[in-house]
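Here are some notes to help you find your way around this one. Have the picture open as you read, and take the points in order.

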Amino acid sequence: MAAVTATAGGGTTGLIPAGASFVTVTSDNADKQISLPAGVVGDEIRILVGTTACELISAVAADKVNEVTVGATNELALTAEALYFCTYTKSGFWIVTGQTKLGADIAALVPDPL
């Protein structure tokens, strides 16, 4: 288990450690970021967001989350008190799905501009 604090410019200080499989996130502002590490095909990371939402980017600027490049130009909003499942499926591609605190699936997750 790893604990990560969302920060402004999360590409370095809000970085999820490589090899982490379960991450708890603390944030004090929904605009702060956490960053996926460089992936290896088959990596799976579960992210539990605390009481304040945050944004998800990637340490690798060219990586995509759900077919949208994240890191340099886009970010994925993660809602408070939700659980997210991130799977690195092939070089440069993460699939991210989520569940609310009530266990309901979150609709399609699409990163938007920074």
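1. Let's begin with how much is tucked away. Buried residues make up 39% of the 114 residues in the protein chain; buried means under 20% relative accessible area, exposed means over 50%, and partly exposed is in between (1.4 Å probe, protein chains only). Keep in mind that this is a predicted model, where local features need pLDDT of at least 70 and side-chain atom pairs count only at pLDDT 80 or more, while totals for chains, interfaces and linings use all residues. Residues are numbered from 1 along each chain as its sequence is written, and side-chain values use heavy atoms, with hydrogens and water left out.

2. On to overall dimensions. The C-alpha trace spans about 30 × 30 × 30 Å along its principal axes. The radius of gyration is 12 Å, which agrees with the value near 13 Å for a compact globule of 114 residues; that radius is taken over C-alpha atoms, and the globule rule is 2.2 Å times the number of residues to the power 0.38. The chain exposes about 5,600 Å², with carbon and sulfur atoms supplying 58% of it (Shrake-Rupley method with a 1.4 Å probe; for residues, only the protein chains shown count as cover).

3. What does the secondary structure come to? You'll find one helix and 11 strands, in the pattern β-α-β-β-β-β-β-β-β-β-β-β along the sequence. Helices (H or I, at least four residues) and strands (E, at least two) are DSSP runs, numbered from the N terminus. Of the contacts between residues at least 6 apart in sequence, 51% join residues at least 24 apart, where contact means heavy atoms within 4.5 Å.

4. Now the open sheet. Four strands make it up, in the order E3-E5-E8-E11, with mixed pairing; two strands pair if DSSP finds at least two bridges between them. E3 and E11 stand at the edges with a single partner strand each, so one side of each has no neighbour in the sheet. E8 and E11 run antiparallel and are joined by two bridges, and Asn74 stands opposite Pro113 in E11.

5. Other pairings deserve a look too. E9 and E10 run antiparallel, joined by seven bridges, and Cys86 has Val96 in E10 as its bridge partner. The hairpin of these two strands has two residues between them, and Gly92 there takes a positive phi near 85°. Strand E6 (residues 64-65) runs parallel to E10, with two bridges joining them; Lys64 stands opposite Phe93 in E10.

6. Which residues touch the most other members of the largest nonpolar core? They are Ile16, Val23, Ile34, Ile47 and Leu78, out of 25 residues in that core. Strands E1 (2-5), E2 (22-26), E3 (33-36), E4 (44-49), E5 (54-58), E8, E9 and E10 each supply at least two residues of this core. A nonpolar core here is a set of buried Ala, Val, Leu, Ile, Met, Phe, Trp, Tyr and Cys residues joined through side-chain atoms within 4.5 Å.

7. Zoom in on Ile45, in strand E4. Is Ile45 buried or exposed? Ile45 counts as buried, at 4% relative accessibility. Leaving out residues up to four places away in sequence, Ile45 touches a list of residues including Ile16, Val23, Leu36, Tyr84, Cys86 and Trp94. By the same exclusion, Val23 touches Ala2, Val4, Ile16, Ile45, Arg46, Ile47 and Leu48.

8. For contrast, try Gly19, found in the loop between helix H1 (10-13) and E2. Gly19 is exposed, with a relative accessible area of 74%. The C-alpha atoms of Gly19 and Tyr84 are separated by 16 Å, and these residues are 65 apart along the chain.

9. Last, the charged pairs. There are two salt bridges, each being a side-chain nitrogen of Lys or Arg within 4 Å of a carboxyl oxygen of Asp or Glu. One joins Lys32 and Asp28 at 2.9 Å, N to O; Lys32 is partly exposed at 24% relative accessibility and Asp28 is exposed at 58%. The other joins Lys101 and Glu81 at 2.8 Å, N to O. Lys101 lies in the loop between E10 (93-99) and E11 (112-113), and Glu81 in the loop between E8 (74-78) and E9 (83-90), so the pair ties together parts 20 residues apart in sequence. Lys101 is exposed at 62%, while Glu81 is partly exposed at 34%.
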